[in-house]
Structure formats: structure tokens, C-alpha cells
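Please open the model in your viewer and keep the selection panel at hand. The tour below goes from one selection to the next and says what is found at each stop.

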Amino acid sequence: MNLNIITESPEETKKLGKRISKLIIPGDLIAFYGELGAGKTCLIQGISQGLEVQDYVTSPSFTIINEYTGKIPVYHFDLFRLNSSEEFLDLGYEEYFYGEGLTAIEWAEKIEDFLPNNHLKINIKFSNYDKRTISFFPQGDRFEIFLKELIKIENFRD
Ligand SMILES: Nc1ncnc2c1ncn2[C@@H]1O[C@H](COP(=O)(O)OP(=O)(O)OP(=O)(O)O)[C@@H](O)[C@H]1O
Ligand SMILES: [Mg+2]
């Protein structure tokens, strides 16, 4: 099963993120795909707000991982500048992936082989202008259930 949602503004994408945040449990991992400026960070900002993170979540220029404190910790990986899997392994990623927070990864295609069996893939595609098609591809039982719950939320804009 998968799901596509269209948003028409950054605000709407953040609202969708807040809805998603309600379904997050400690240890979840979301892998984000989509070109530069697609809206990966924007969606993660909405999810983080929903998890009561007070800091403003940005894509760090030179750090690969940022850790935020919220209702649960948020581990935000941005792998755009990652050069090699050795560099990734040096981060000690298991502590995050198998920890008690939410792990959110931009440019997850760079570390596809290290993703756990259970994770949610989210792809964001430019439609035009401010329109984005956000597609969900659950991997593993945990996220099949997650997606069924998300689909029940008929209108995330409410
Ligand atoms: N519907 C929309 N959803 C999300 N962002 C949108 C939307 N419409 C316009 N935007 C704009 O698109 C940009 C998305 O930027 P963002 O930093 O979230 O992208 P990104 O995918 O994280 O890019 P990068 O790979 O460079 O980190 C922002 O400037 C935002 O205002
Ligand atoms: Mg980004």
C-alpha cells in the first residue's frame, strides 16, 4: 500500500508534518527523498514542531547530524555532503537508528544499505510552483500500520 498527498504551500507541508508527528513512536525512522528544494526540511520542520521541538530545524551546512530535544529526541541527518559510507559509519549511526528518538534522514539514498527493515520512505516531487506531491512507501510491518492510521486522517488540513 502507498499514499500520495499533494500540498500547495510550505505551510500545508508543515501541517502534514504535524499530522505525521502524532503517529510517531520512539525508534521510528523516516527516510526522505527528493531533489534540492523539494521540501524535505520543510516537512521535517512540521514533524519536529509536532514533537514540540522548540529550536528551528534547518539543514546544517557542514554538520551531517543535528540532534533536537522534544517530546522525544529528533535526530536529523542531512547526507547531501556525505562523501563515503566510511564517513557515515564513523558517526556511530546505530545509536540513533536504534535509539529512543525519531530519526529523519535527508538524502537517504546515500546510505540505503544501512536502513533498518522497518522504516518509512517519503518522496517529495515538484509538481509546479508551490505544489508538491508527497508519496509514502512503508517498509516493514510497523509502517504498514502507520500508513493505515495516516490514511484514516481524511483531511490533514483541518
Ligand atoms: N508545497 C510546498 N511544500 C514544501 N516546500 C515548499 C512548497 N512550496 C514551496 N516550497 C518552498 O520550497 C523550498 C523547500 O525547501 P527545503 O529546504 O525544505 O527543501 P529540501 O528538500 O530540504 O532541500 P535540500 O535538499 O536542499 O535540503 C522552500 O523554499 C519552501 O518555501
Ligand atoms: Mg533540506
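Begin by selecting residues 40-50, which make up helix H2 in this predicted model; helix H2 lies across E2, strand E4 (74-78), strand E5 (102-106), E6 and E7, and runs at about 155 degrees to E2.

Next, add residues 10-21, which form helix H1. This helix lies across E1, E2, E6 and strand E7 (131-139), and its direction is at about 140 degrees to E1. With both helices shown, look at where they meet: the axes of H1 and H2 come within 7 Å and cross at roughly 45 degrees, and because angles from 35 to 65 degrees fall outside the parallel and perpendicular ranges, H1 and H2 are oblique to each other. The crossing in which H1 passes H2 is right-handed. To see the contact itself, display the side chains of Pro10, Thr13, Lys14, Leu16, Gly17, Lys18, Ile20 and Ser21 on H1, together with Cys42, Leu43, Gln45, Gly46, Ile47, Gln49 and Gly50 on H2. Sorted by class, the contact of H1 with H2 comprises 6 nonpolar, 7 polar and 2 charged residues.

Now hide the helices and turn to the strands, of which 7 form an open sheet with mixed pairing, in the order E1-E7-E6-E2-E5-E4-E3. Strand E1 (3-7) and strand E3 (65-68) stand at the edges, and because each has a single partner strand, one side of each is left without a neighbour in the sheet. On average, neighbouring strands of this sheet are turned by 20 degrees against each other, direction ignored.

Within the sheet, select residues 29-33 (strand E2) and residues 119-128 (strand E6), which run parallel and are joined by 4 bridges. Picking Tyr33 leads across to Asn123, its bridge partner in E6.

Finally, consider the aromatic rings, among which 11 pairs are counted. Select Tyr75 and Tyr96, whose ring centres are 5.0 Å apart and whose planes stand at 65 degrees, so the pair is edge-to-face. Tyr75 lies in strand E4 and Tyr96 in helix H4 (residues 94-97), so this pair ties together parts that are 21 residues apart in sequence.

How values were computed: Residues are numbered from 1 along each chain as its sequence is written. Chains are lettered from A and ligands numbered from 1 in the order in which they are written. This is a predicted model: local features need pLDDT of at least 70, side-chain atom pairs count only at pLDDT 80 or more; totals for chains, interfaces and linings use all residues. Side-chain values use heavy atoms; hydrogens and water are left out. Two strands pair if DSSP finds at least two bridges between them. Helices (H or I, at least four residues) and strands (E, at least two) are DSSP runs, numbered from the N terminus. Axes are lines fitted to C-alpha atoms, for helices over the stretch in contact, and angles run from 0 to 180 degrees between N-to-C directions. Contact means heavy atoms within 4.5 Å. Angles under 35 degrees count as roughly parallel, over 145 as roughly antiparallel, 65 to 115 as roughly perpendicular and the rest as oblique. A crossing is left-handed if the near helix is turned anticlockwise from the far one by less than a right angle, and right-handed if clockwise. Ala, Val, Leu, Ile, Met, Phe, Trp, Tyr, Cys and Pro count as nonpolar, Asp, Glu, Lys and Arg as charged, and the others, Gly among them, as polar. Rings of Phe, Tyr and Trp (its six-membered ring) pair if their centres lie within 6.5 Å; planes under 30 degrees apart count as stacked, over 60 as edge-to-face and the rest as tilted.
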